[in-house]
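Biologist: Could you please take one charged side chain of this model and examine it closely, and then follow the same kinds of interaction elsewhere? A connected account suited to a first-year student would be most welcome.

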Amino acid sequence: MEGKAHENDLNLKATELTLGLPGRDEISDLPNQTKKRSPPADLKNEEGNPDAKNAQKGTAPPAKEQIVGWPPIRSYRKNSLQVNKNTEAETAAGIYVKVSMDGAPYLRKIDLRVYKCYPELLKALEVMFKFTIGQYSEREGYKGSEYAPTYEDKDGDWMLVGDVPWDMFMSSCKKLRIMKGSEARGLGCGV
Amino acid sequence: MPKRANSFPEEVLEYVFSFIQTDQDRSSISTVCKSWYEIERWCRRRIFIGNCYAVSPRMLIRRFPDVRSIELKGKPHFADFNLVPEGWGGYVYPWIAAMASAYPWLEEIKLKRMVVTDETLELIAKSFKNMKLLVLSSCEGFSTDGLAAIAANCRNLRELDLHESDVEDLSGHWLSHFPDTYTSLVSLNIACLGSELSFSALERLVARCPNLRSLRLNRSVPLDRLANLLRLAPRLTDLGTGAYSAEWRPDVFAILSRAISGCKELKSLSGFWDVVPSYLPAIYSICPGLTSLNLSYATIQSPALVKLVSQCPNLQRLWVLDYIEDVGLDALAESCKDLRELRVFPSDPFVVEPNVSLTEQGLISVSEGCPKLHSVLYFCRQMSNDALITIARNQPNFTCFRLCIIEPKIPDYLTLQPFDVGFGAIVENCKNLRRLSVSGLLTDQAFDYIGTYGKKLEMLSIAFAGDSDLGLHHILSGCDNLRKLEIRDCPFGDKALLANAAKLETMRSLWMSSCSVSYGACKLLGQRLPRLNVEVIDERGHPESRPENSPVEKLYIYRSVAGPRFDMPGFVWTMDEDSALRVT
């Protein structure tokens, strides 16, 4: 787990909010790839070249938005699959978790699968909720801002984001909460 | 005209007629002569109405004064995929209200895709003392309060089936409304309910109903409760588990296994939400007796699925997710020689790239290995004409073939050609095909084949296919037995419809959405064919506010002797004789 905030290139595409389901934009252009995300540089080349895409698949570019009623699956079945996905990190599509921020009127939802590491996730949260997270250190938690990103794990405990390896975090995170103020300062400071 | 005396007294004829069950046969005998019509209508007990707007309650009651069992269907099939806007119709209350006074001895009500309110359920509970069977399939509009009224009042209820309905779950306590004296339950399907049930009420209910044979629980019933229930109902033939998950404990497993193996008559299993694979072996003991297995919610991977199906040699019906993969379908083809129906659902339908290794090969294997397979629903991401030709050759006995290639308009992945010849082979070889759903890239030629060979076809579903009106024309002019046609996002328009207008009166219904049928053509159809209801469904506002040649959003045409309906919402208009003259 990287301790520095912006070690990787900013993957803006990953944090961009779109109406489409995550995974479609990046994966659909690379028919021979596995589900792992490619580095941003390759993706930008593929997406900017519709001819290459067509030559590979021999079809019109796949639709980016979900078509109403397609594929023809009943709602209760779709909902059931979605619930399954939220409880099983092994399945291929997104892990959606709710994100709340103290003081914000409504919650958001993000797909953890979109991010490859903590810096990406934290940057996305900063953009989504328009705030700044401090500098992380194991000893002192997030220093330098009044916010602390926390998550609820499988056991129902509230943990500070960043302490465990990323993969472990992804499979145990049930929801996120950005704590503010005195509650936030309490975390990671010898509590 | 001189009256002829009947050769047989009425009672004898009635007795003879009682052996004639199907609607078509009953209809035929009623046309023999006036006295047979009269006798038949007085002794008809079962009624099936495939489109609730095709006839009115009053007409039904006038002709058939003593009905005991009624089946009604409401919304068009594409409502299942959210293509029919909320509020379109399908209200059952007027039917129940009319039948409450006319048919006090009504025993069975089966509804599909209808809007059922709590008020309706309360009226049913109050009006029909002999109610034995209530099936609400894919219905909506009611809550657990309505169910409480049924539970409290229907003393003779044998079967309550909420099959895939959308129920507002207010509380799990409705089950407690079955009185302690109520013991007649034979079949209970509450799998669609979202919230927690009152487990003690459920257990007490199961304990006091010795004739219980079918029990489909909902997801909230945990695995550790299942063993208890099974011990109370060892004669079950059909079980839907709740969530099939619990922390692994050998003692829990042992108890569950024993309880399941005690149900020696189990033929059908379903449920299996949230499966913890280590608990699967608990069902192995009854697998040899299984004829029907629904694993379509079970997110278990191919190896576990293979292990399971290879122990079910008598399986006739399998519903499963595409986690089964080609290798699992190969195993299925090896082990389950009695397989009649297969449905493979997509585990990840909204992603373009495959997440599992399920291809056309799986379908080829089962079509080759399972000689009795006649009904298939198959979601996959790649297909080839060669595969379809092979499948058609392997299995000419298909009666229902529904293929959904997930990405619209993609071609044969080997040749990059449309699937015209592939589906052509299906309709040509499968001479008993009654239901067909097509997908992938298709030209008008595909529909030429379907019109030429699909002579027994009764229901056809088309999406994102065809080039022009010619495609629709081939179908309407060729498929002699077509009853239901549903089309979305195809370039079919006025010419084909108007040229084949008379055909529409021989069908139950036609649905077209996001096609190219103009408002003007709809008005013409409504004008020319008074025995059809031509409904224009358009949420953009009245079609008069747009040019005549502008295409309507959605079109639903159905034959009816009841005339236009009066319960339409603001975005539905019926084109009738006057519509061409009406201003707004």
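**A buried arginine and its surroundings**

Modeller: Arg565(B) is buried, its relative accessible area being 6%. I should state at once that the model is predicted, and that the values given here are computed from it. The figure of 6% leads to the word "buried" because that class takes in residues under 20% relative accessible area.

Two interactions of Arg565(B) deserve attention. The first is a salt bridge: the side chain of Arg565(B) meets that of Asp567(B), with 2.8 Å from N to O. Asp567(B) has a relative accessible area of 26%, so this partner counts as partly exposed. The bridge therefore joins a buried arginine to a partly exposed aspartate. The second interaction involves an aromatic ring. The charged end of Arg565(B) sits over the ring of Tyr53(B), at 4.5 Å from the ring centre.

Tyr53(B) leads us further, as this tyrosine belongs to an aromatic cluster together with Trp88(B), Trp511(B), Tyr556(B) and Tyr558(B). Thus Arg565(B) is placed over a ring that is itself part of a cluster of aromatic residues. Over all chains, the structure holds 26 aromatic pairs. One of them is formed by Phe178(B) and Tyr182(B): their ring centres are 4.8 Å apart, the angle between the planes is 20°, and the pair is stacked. Both Phe178(B) and Tyr182(B) are buried.

A second arginine lying over a ring offers a useful comparison. Arg77(A), found in helix α5 of chain A (residues 75–87), lies over the face of Phe345(B), 3.7 Å from the ring centre. Here the charge belongs to chain A and the ring to chain B. Arg77(A) is buried, yet it has no salt bridge. What is the nearest side chain of opposite charge to Arg77(A)? It is Glu164(B), at 5.0 Å. A salt bridge requires the nitrogen and the carboxyl oxygen to lie within 4 Å, so this pair is not counted as one. Arg77(A) does, however, have a polar partner: its side chain and that of Ser296(B) are joined by a polar contact of 2.8 Å. When neighbours within four places in sequence are left aside, the residues in contact with Arg77(A) are Ser296(B), Tyr297(B), Trp319(B) and Phe345(B). The list thus contains both the polar partner, Ser296(B), and the residue whose ring lies under the arginine, Phe345(B). As for the chain to which Arg77(A) belongs, chain A has eight helices and seven strands, and 42% of its 191 residues are buried.

We may now return to salt bridges, of which there are 35 over all chains. Beside the bridge of Arg565(B) and Asp567(B), two further examples in chain B are instructive. Arg63(B) and Glu40(B) meet with 4.0 Å from N to O. Arg63(B) lies in helix α4 (residues 57–63) and Glu40(B) in helix α3 (residues 34–43) of chain B, so this bridge ties together parts that are 23 residues apart in sequence. Are these two residues buried or partly exposed? Arg63(B), at 25% relative accessibility, counts as partly exposed, whereas Glu40(B), at 0%, is buried. The two are also members of a network of salt bridges, which links Asp23(B), Arg26(B), Glu40(B), Arg44(B) and Arg63(B).

The other example is the salt bridge between Arg235(B) and Glu265(B), whose closest N and O atoms are 3.1 Å apart. This pair links distant parts of the chain, 30 residues apart: Arg235(B) is in the loop between α9 (223–232) and β10 (238–240) of chain B, and Glu265(B) is in the loop between α10 (250–261) and β11 (268–270) of chain B. Arg235(B) has a relative accessibility of 43% and so counts as partly exposed. Glu265(B) is likewise partly exposed, with a relative accessible area of 32%.

In summary, Arg565(B) combines a salt bridge to Asp567(B) with a position over the ring of Tyr53(B). Arg77(A) is also placed over a ring, that of Phe345(B), but is buried without a salt bridge.

Note on methods. Residues numbered from 1 in each chain as written. Chains lettered and ligands numbered in written order. Predicted model: local features only at pLDDT ≥ 70, side-chain atom pairs only at ≥ 80, totals over all residues. Heavy atoms only, no water. Phe/Tyr/Trp six-rings, centres within 6.5 Å; stacked < 30°, edge-to-face > 60°. Buried < 20%, exposed > 50% of the residue type's maximum accessible area, 1.4 Å probe, protein only. Lys NZ or Arg CZ within 6 Å of the ring centre and 35° of its normal. Helix = DSSP H or I, 4+ residues; strand = E, 2+ residues; numbered from the N terminus. Lys, Arg positive; Asp, Glu negative; His and termini not counted. Polar contact = N/O pair within 3.5 Å; in protein donor to acceptor, adjacent residues only side chain to side chain. Contact = heavy atoms within 4.5 Å.
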